[in-house]
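Me: Could you take me through the surroundings of the ligand in this model? I'd like a close look at that one part, and then a word on the empty spaces elsewhere in the protein.

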Amino acid sequence: MSSSERESVAQRDSAVQRDTGQSFDVIVVGAGFAGMYLLHRLRGMGLRARVYEAGNSVGGTWYWNRYPGARCDAESLAYSYSFSHELETEWNWSERYATQPEILRYAEHVAAKFDLKRDIRFGRRVTRASFDDRAGQWTIETDRGDRAVAPFCVMATGCLSVPQEPQIKDLDTFAGHLYWASRWPHEPVSFEGQRVGVIGTGSSAIQAIPVIAQQAAHLTVFQRTPNFSVPACNGPLDPKFVDAFKANYPGHRKNHRLGMGAGFGDLQVEPHPGGPVLETAAGKSEADVRALLDKYWRIGGANFIGVIADTILNRETNRVVADFVRDKIRAIVKDAATADALCPTSHPIGTKRICVDSEYYETYNRPNVKLVNLRDNPIESVAANGIRMHDGSFHGLDTLVMATGFDAMTGALLRIDVRGSAGKSLVDVWSAGPRSYLGLGVAGFPNLFTITGPGSPSVLSNMLVSIEQHVDWTVDCIDYMRKHGHRRIEPVLAAQDEWVAHVNDVANGTLMLEGGSWYLGANIPGKPRVFMPYAAGVGTYREICDRVVANGYQGFSFAS
Ligand code: NAP
C-alpha cells in the first residue's frame, strides 16, 4: 500500500471507529503541529498514545485558515520542525513566507513520513476531560461519543483556534455569501464580479484584502482599529541561499532556540545578514534610528519590530518607530483621508501583534477599494443585501468576509469541560484569568500538560520553536516520572503564584499592557484582562524550564 493510500485508509477508519473506554498511556487533544510532534515523540518512547482532532486532517491552524492570501508571516526556513534533520533537509520551501496550502502539504508530508494518522481520530471535538483521583487517570470524551482513559492528558489545542464571532446586529440575516476567515471552505471561492465586504483589519484581513481586491468588482473594508503592518518583501527562495542555510541548519536552529527574542534568532545572522541591530535608540539621533528602520523596512518581515531593542520598552523610541510607519502609510496611500484612517494611533507599535503584508496599503489606491472607518460611523446592522451604518448610509454587498479574530490562548482550553482533582473545573479556576506554572501545567490539575499554554512565550514567539520545546519538556517529564516511579505530577500552588506574578512583572516592564490586544483578552467582551504570554523571550524561558528540571522539577510536586 502506498503512503497516500495508507493515509486515506487511516482517515476513513478514523471516521467510522469510535473509542469506547480504551486505555492509553497518553491522550493528546489536537493534531496541529504540537499534537503531531507529541505523537511522534511519545511513540518513540514506546508509549501508546491517542490523538483526538476536530478537523478532518492534520495541520491545526493551517487546516482551518484557508482564506485567500493566507500564509505564514514567519519565515519558512525558521517556521518548520527541527526534530528531524532528514525532514528539514528533504523538504523544500518555495517562498520566503510559505502559503497556507504549502504549509498544509508540509503537515501532510510529516504525517505520512512518520505514519501519524493511524493513531489520530479525526472529526472529533473533545468535550470533556476529567481526572479521577483514585484511579489517577484522565477520561476524555468527544462529541462523537468516544471515551478513553489515560494517566496523562496533553492539551495541544492551539493558541488561536476558537474564532471570535462578534455580536453584530442581524448578521444572521445576510443572504449573500458569508465566510469566516478561520473556517474557510475547502472548495475554491470566487469573488469575480462580486461586491465584497471585509470586517476586521488584523493579520488575517491584511493578508486577504489585497488578494480579494484583485478579483472582486468592489471591496469595502470595515475597519474599527487600524493595525501597524510592515511589508513582507516575499518572493521565491533563492536555491543558493537555501543550500547555504541548510548547510548550517543545526546552527540556525540553535540560534532560534537560544536567542533572546522571539525564536527567530539574532537579526545579524538570521536569516538576512544585516546590522547593527538589537541596539537601543539611546544616543542615536532620530535620523539614525529612521535610517536603520528604513533598511529593515526594505528587507521586510516582522523582525522590523526588533530592529530597535527598546521599541516595546521606551515610549519615546516607540513614538519614533510608530511615526516612521505612519509616514510610510501616508507615503503609500494616495488619498489623504484614507491614509489618515489607516494610521494607528490608539496603541504603541508592537503592543498588538505586528502584521506583515504584501501590498496591503497599496491596495487602497485601487479604484475598486473603499475603507469605511467604523470609529466615525459604526455598523448599525446587517441586512440581507449589505450593511447599514449608524448615519443611515448603506453598503450593498454580495459577499461578506468576517476576519474578526480569535478567543486566544484560553478559548480552546475553556471550551472543554476540564475537571481536575476533586472535580475542580478549569473554567472556575480561571474565572479571573488563566493561572499556570510555566504555561505547562495548572495547580489542581494533575498529569495535565498544556502545550504553549498561557504563561509561556507561545504567541510572542516562533510557534514551532515553542511547540518543540514544550513537547520535549512534557515527554521528557513523563519519561522521568516512569523511570522514577512517580504516577502523579502537578504544579505547587505557591510556585504557580510566583510564576504568574513574574509573567505580569515582565509585561509591566513593557508597553504591552497598553495595546488593548488579544494578548490581554481585550478583544473578547467580558474576558478577564490578563496579559497571557511570557514576554521575556524564548532563550530566557528555555533556561528557566531547563533549570526547573535540573533542580528536580522545582515547583512541581510528585506522588506515587
Ligand atoms: P485580530 O488581529 O484579532 O483582528 C480582528 C479584527 O477584527 C480587528 O481588526 C478587530 O477590530 C476586528 N473586529 C472584531 N470584532 C469586530 C466588530 N464587532 N466590528 C468590527 N470589527 C471587529 O484577528 P486576526 O486577524 O485573525 O489575527 C489574529 C492573530 O492570528 C494574529 O495577530 C496572528 O498572531 C495570527 N495570524 C497569523 C497569521 C500568519 O502568520 N500569517 C495570519 C493571520 C493571523 P478591533 O481591533 O477594533 O477589535
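Reply: Helix α6, which covers residues 203–215, gives the largest share of the shell around the ligand, with three residues. Please keep in mind as you look that this is a predicted model. The shell holds 26 residues, and those that come nearest to the ligand are R71, D73, S204, R224 and T225. By class, ten residues of the shell are nonpolar, another ten are polar, and six are charged.

Now for the individual polar contacts. At R71, a polar atom of the backbone is 2.3 Å from a nitrogen atom of the ligand. T201 also offers a polar backbone atom, here 2.9 Å from an oxygen atom of the ligand. With T225 it is the side chain that takes part: one of its polar atoms lies 2.4 Å from a ligand oxygen. As for cover, the ligand on its own has 900 Å² of accessible area, and the protein covers 87% of it.

Next, the empty spaces, beginning with the second largest pocket. There is about 280 Å³ of space in this pocket. Its lining consists of Y437, L438, A495, E498, W499, H502, I544, R547, V548, N551, Q554 and G555. Two helices, α16 (493–508) and α17 (538–550), each supply at least two of the lining residues, and α16 gives the most, with four. The lining divides into six nonpolar, four polar and two charged residues.

On to the cavities: searching the whole structure turns up six of 30 Å³ or more. The largest cavity contains about 80 Å³ of space. Around this cavity you will find P434, R435, S436, P454, G455, W499, V500, V503, N504, V530, F531 and M532. Eight of these lining residues are nonpolar, three are polar and one is charged. W499 is worth selecting in your viewer, as this residue appears both in the lining of the second largest pocket and in that of the largest cavity.

One last stop is helix α15, which runs over residues 463–484. From the first C-alpha to the last, the 22 residues of α15 reach 31 Å, close to the 32 Å expected at 1.5 Å a residue. Just after α15 comes G485, with a positive phi of about 70 degrees.

Notes:
Residues are numbered from 1 along each chain as its sequence is written. Side-chain values use heavy atoms; hydrogens and water are left out. A residue is near a molecule or strand if one of its heavy atoms lies within 4 Å of it. A polar contact is a pair of N or O atoms within 3.5 Å; within protein, one must be able to donate a hydrogen and the other to accept it, and residues adjacent in sequence count only if both atoms are side-chain atoms. Accessible areas come from the Shrake-Rupley method with a 1.4 Å probe; for residues, only the protein chains shown count as cover. Ala, Val, Leu, Ile, Met, Phe, Trp, Tyr, Cys and Pro count as nonpolar, Asp, Glu, Lys and Arg as charged, and the others, Gly among them, as polar. On a 1 Å grid over the protein atoms alone, a cavity is a set of points where a 1.4 Å probe fits but cannot get out, and a pocket is an open set with protein on both sides within 12 Å along at least five of seven lines; lining residues have an atom within 4 Å of a point. Grid points are joined across faces, edges and corners, and a volume is the space filled by probe spheres set on the points. The expected span of a helix is 1.5 Å times one less than its number of residues.
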